[in-house]
Amino acid sequence: MRDYSTVSPLFWTGDTGRAIRAAGRDVQSVALYLLTAPDANMIGLYALALPTLCHHIADMPLEGASKALRSLGEIGFAHFDGAEEVVFIPEMARYQIGEVLKPGDKRIKGVARELQKFRKSRFYQKFLDRYGEPFKLNRELAGSRKPEAPSKPHRSQEQEQEQEQEQERKSAAATPPPVRTAKAKPEPKPEDVLVPLDLRTPEFLATWAAFVKNRRALGKFTAGAAELWLRDCSRHGVTASITCMNESIKHGWKKIVWPENRDENFIGRSSGLNGHASHNGLAAVGAGSIRETRVIG
């Protein structure tokens, strides 16, 4: 954790600052957090767990934080990769370090060391494109990757190596190759399906876990079906999804039945109920069957 972070007054008055302010209070709060977060560093490329951000900003909902990060990406202030859980703030290194580093500046090694941690990130090359020349990183990184030349063996060592290699070739020719059997990949479980970021609220996750457990008890349930239902949940939103999943658990339905797929004669096939209006303002329930546009699971 850094002892301090430099925040320019232009954060409030510059062109980008005004664009952030116009996007709303949540966007402005998330932007300031990115500059001063406990895990932030001087290069502006660091790991960021969305639940941690939400916890630090007065328990901001995941959905609100995700929306704010998308807005900051559109403005060009910061870019977040949810799959990698990595954030890149393009201009942060300029404010924390400077416009240019001279050859021999000890901070060059520090920047290169921090950058190497994210070598597999899609933001690695973007950082080099922006700061490679000003921070003399291309030369520093090239030097750190330069391989050491192997020492030349003596003649006696060469002879021994040739003899060993010849023996290995003869042994390999006499020994039949082992028979390789392909290992069957385990079938993915519904519990292993990744919940989309916009649905990752504590209430949704708890209800989804209860629905999966209940659905497994009713019969065969595949990961593919779980993925399709989560897509439907994303389209309908957190609140409607929680309500419909609770309805399915209550009546013992094998599917998440959305209001638009019901009519006044609808009844859960396994509920055994007479016609009553469903709670939370959903469509009426009565004798009949489900009209569905797609059958899942």
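These exercises, each with a worked solution, cover the fold, cysteines, pockets and selected residues of one chain.

The model is predicted, so local features need pLDDT of at least 70 and side-chain atom pairs count only at pLDDT 80 or more, while totals for chains, interfaces and linings use all residues. Residues are numbered from 1 along each chain as its sequence is written, and side-chain values use heavy atoms, with hydrogens and water left out.

**Exercise 1. The chain as a whole**

Task: State how many helices and strands the chain has, and what percentage of its residues count as buried.

Solution.
- Start with secondary structure. Helices (H or I, at least four residues) and strands (E, at least two) are DSSP runs, numbered from the N terminus.
- The chain has 13 helices and five strands.
- Next, burial. Buried means under 20% relative accessible area, exposed over 50%, and partly exposed in between (1.4 Å probe, protein chains only).
- The chain has 297 residues, and 37% of them count as buried.
- Then take the surface. Accessible areas come from the Shrake-Rupley method with a 1.4 Å probe; for residues, only the protein chains shown count as cover.
- The total is about 18700 Å², with 52% belonging to carbon and sulfur atoms.
- Finish with contacts, meaning heavy atoms within 4.5 Å.
- Among contacts with a separation of 6 or more, 61% join residues 24 or more positions apart.

**Exercise 2. Cysteines without a bond**

Task: Explain why cysteine 233 is too far from the closest cysteine sulfur for a bond.

Solution.
- Set the criterion. A disulfide is a pair of cysteine sulfur atoms within 2.5 Å.
- Check the distance. The closest cysteine sulfur to that of cysteine 233 belongs to cysteine 244, 8.3 Å away, so the pair is too far apart for a bond.
- Check from the other side. For cysteine 244, the closest cysteine sulfur is in cysteine 233, again at 8.3 Å.
- Add the environment. Cysteine 233 is buried at 0% relative accessible area, and cysteine 244 is buried at 1%.
- Widen the search. The whole structure contains zero disulfides.

**Exercise 3. Two pockets**

Task: Give the volume of the largest pocket and of the second largest pocket, then describe what lines them.

Solution.
- Begin with the principle. Rolling a probe the size of a water molecule over the atoms shows where empty space is left.
- Define the object. On a 1 Å grid over the protein atoms alone, a pocket is an open set of points where a 1.4 Å probe fits, with protein on both sides within 12 Å along at least five of seven lines; lining residues have an atom within 4 Å of a point.
- Define the volume. Grid points are joined across faces, edges and corners, and a volume is the space filled by probe spheres set on the points.
- The largest pocket holds about 340 Å³. It has 20 lining residues, with Phe11, Thr16, Phe77, Glu91 and Tyr95 closest to its centre. Helix 1 (10–13), helix 2 (15–23) and helix 6 (92–96) each give two or more residues to this lining.
- The second largest pocket has about 210 Å³. Of its 13 lining residues, Gly104, Ile108, Lys136, Arg139 and Glu140 lie nearest the centre. Helix 7 (107–116) and helix 9 (137–144) each supply at least two. Helix 9 gives the most, with four.
- Sort by class. Ala, Val, Leu, Ile, Met, Phe, Trp, Tyr, Cys and Pro count as nonpolar, Asp, Glu, Lys and Arg as charged, and the others, Gly among them, as polar.

| Pocket | Nonpolar | Polar | Charged |
|---|---|---|---|
| Largest | 10 | seven | three |
| Second largest | three | three | seven |

**Exercise 4. Positive phi**

Task: Locate aspartate 59 and lysine 136, and give the phi of each.

Solution.
- Recall the background. Most residues other than glycine have a negative phi.
- Aspartate 59 has a positive phi of about 55°. It sits in the loop between helix 4 (50–56) and helix 5 (62–75). At 57% relative accessibility, aspartate 59 is exposed.
- Lysine 136 has a positive phi near 55°. Its loop runs between helix 8 (124–131) and helix 9. Lysine 136 is partly exposed, at 27%.
- Link back to the pockets. Lysine 136 is among the residues nearest the centre of the second largest pocket.

**Exercise 5. Partners of arginine 200**

Task: Place arginine 200 and list what it touches beyond four places in sequence.

Solution.
- Arginine 200 lies in the loop between helix 10 (155–174) and helix 11.
- At 24% relative accessibility, arginine 200 is partly exposed.
- Beyond residues up to four places away, arginine 200 touches Leu62, Leu194, Val195 and Leu205.
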